[in-house]
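Thanks for making time for this one. I would like to walk through a single model with you, going from the strands to the annotated sites and then to the ligand.

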Amino acid sequence: KRKVTTHRLKEMKSRGEKISMLTAYDYSMASIIDQAGMDAILVGDSASNVMAGNVTTLPMTLDQMIYHGSSVVKAVKRALVVVDMPFGTCSGNPELSLQAAIRIMKETGADTLKIEGGEEIIEDIRKIVDAGIPVMGHLGLMPQSINKYGTYTVRAKEKAEAEKLINDALLLEKAGCYAVTLEKIPAKLAAEITDKLSIPTIGIGAGAFTDGQVLVMHDMLGINKDFSPKFLRRYSDLHATITNAVQNYIEDVKSQDFPNENESY
Ligand code: KIV
Ligand code: NA
């Protein structure tokens, strides 16, 4: 199958075909997700939470994102691979931001980057796009700004924040972003932004009217049990499946059922 491009995502929007996106952080899972037919795979800095065990995404380093990104890229044949720029690598110094962006692109082989923020970092984004690097914006709840918000609650319920969000989305489109992620905002606002933009919107906790949806792999597969926001739909209970398999293995080792003669040399 043909490799998915940023251009193809725009075509999908104009056709009204929804875009599927899911996170992955390693070779094996990325391979399964790609072969299942996912349109885009996000190497999210949510790796900080689900892979590294941190409470926030802030500790993620450029080198760590490059490690995850290059692992995923090696597995993917069809999906568009998007790598998050981690906290502090794109924050108002366009020259430094471009250097970080170039490192990710060169050292992972990813197709595109995703960057949290609007007007405050619009010059950084313009510089990166002008260097030939496709950028997906990320607005609404921006987990790298959790210390500013102080809460992971729904964003842009108030008029001022909603208006800024719409303005930021238009600025991102104008700066050359090929798509924008909208996280945890009212469905009605996400619908309005999706309508206003010619580039695709990809929602997480942003309702049914965005051009696509994204979820964190560990959440939708039911690997973590302790994260269950309203927007999350669980498609599997891998926590139970894995626990069961691991316990069967322990039991077989203890009872000396494993290994048997056929499993021995
Ligand atoms: O890091 C991540 O997984 C993300 C998605 C939640 C959009 O940015
Ligand atoms: Na992220």
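Let me begin with a question about one strand: which residues of β7 are buried on one side, and which on the other? On one side they are Thr 201 and Gly 203, and on the other Ile 202 and Ile 204, so that both faces of β7 are covered, if one takes buried to mean 20 or more other C-beta atoms within 10 Å. In general terms, the side chains of a regular strand alternate between the two faces of the sheet. Please keep in mind throughout that this is a predicted model.

Now to the arrangement that β7 belongs to. Eight strands form a closed barrel, running β1-β2-β3-β4-β5-β6-β7-β8 with parallel pairing, and from one strand to the next the twist averages 25 degrees. On the outside of my list of strands there is also a helix to mention: α9, residues 187-196, packs on the sheet and touches both β6 (179-183) and β7 (201-204), with a direction at about 165 degrees to that of β7.

As a general reminder, strands of a sheet pair through backbone hydrogen bonds, either parallel or antiparallel. Here, β1 (residues 19-23) and β8 (residues 212-215) run parallel and are joined by four bridges, and within that pair Met 21 has Val 214 of β8 as its bridge partner. Between β6 and β7 there are again four bridges in the parallel sense, with Leu 182 partnered by Gly 203 in β7. The pairing of β4 with β5 is parallel too, over four bridges, and there Lys 114 stands opposite Met 136 in β5. As for β5 itself, residues 135-140, six of its six residues are buried, so this strand is largely enclosed by the rest of the structure.

Let me turn to the annotations, which come from an unreviewed UniProt entry and should be read with that in mind. One "binding site" annotation there covers Asp 45, Asp 84 and Glu 116; these residues are spread over 72 residues of sequence, yet they cluster in space, the largest C-alpha distance being 10.8 Å. Under "binding site", UniProt also lists Asp 45, Ser 46, Asp 84 and Lys 114, again from an unreviewed entry, and this set, although spread over 70 residues of sequence, clusters in space with a largest C-alpha distance of 12.4 Å.

Taking these residues in turn, Asp 45 is found in the loop between β2 (40-43) and α3 (47-50). Why does Asp 45 count as buried? Because 30 other C-beta atoms lie within 10 Å of its own, where 20 or more are required. Residues up to four places away in sequence aside, Asp 45 touches Thr 57, Met 60, Met 65, Asp 84 and Pro 86, so Asp 84, which is listed with Asp 45 in the annotation, is among its contacts.

Lys 114 is found in strand β4 and is buried, with 24 other C-beta atoms within 10 Å. Its contacts, leaving aside neighbours within four places in sequence, include Leu 42, Val 82, Asp 84 and His 138. Glu 116 lies in β4 as well, which covers residues 112-116, and it counts as buried with 24 C-beta neighbours inside 10 Å; beyond its neighbours within four places in sequence, Glu 116 is in contact with His 138, Met 142 and Gln 144.

Finally, the ligand. Among the residues around ligand 1 are Thr 23, Leu 42, Gly 44, Asp 45, Ser 46, Asp 84 and Val 214, and by class the shell has four nonpolar, four polar and three charged residues. One of these, Thr 23, lies in strand β1 and counts as buried, with 27 C-beta neighbours inside 10 Å. Thr 23 touches Leu 42, Gly 44, Ser 46, Val 216 and Met 217, not counting residues up to four places away in sequence.

Conventions:
Residues are numbered from 1 along each chain as its sequence is written. Chains are lettered from A and ligands numbered from 1 in the order in which they are written. This is a predicted model: local features need pLDDT of at least 70, side-chain atom pairs count only at pLDDT 80 or more; totals for chains, interfaces and linings use all residues. UniProt positions are given in the numbering used here, feature names are shortened, and annotations may be inferred rather than shown by experiment. Helices (H or I, at least four residues) and strands (E, at least two) are DSSP runs, numbered from the N terminus. A residue is buried if 20 or more other C-beta atoms lie within 10 Å of its own, exposed if 12 or fewer, and partly exposed in between; C-beta atoms are placed from the backbone. Two residues are in contact if their C-beta atoms, placed from the backbone, lie within 7 Å. A residue is near a molecule or strand if its C-beta atom, placed from the backbone, lies within 6 Å of it. Ala, Val, Leu, Ile, Met, Phe, Trp, Tyr, Cys and Pro count as nonpolar, Asp, Glu, Lys and Arg as charged, and the others, Gly among them, as polar. Two strands pair if DSSP finds at least two bridges between them. Axes are lines fitted to C-alpha atoms, for helices over the stretch in contact, and angles run from 0 to 180 degrees between N-to-C directions.
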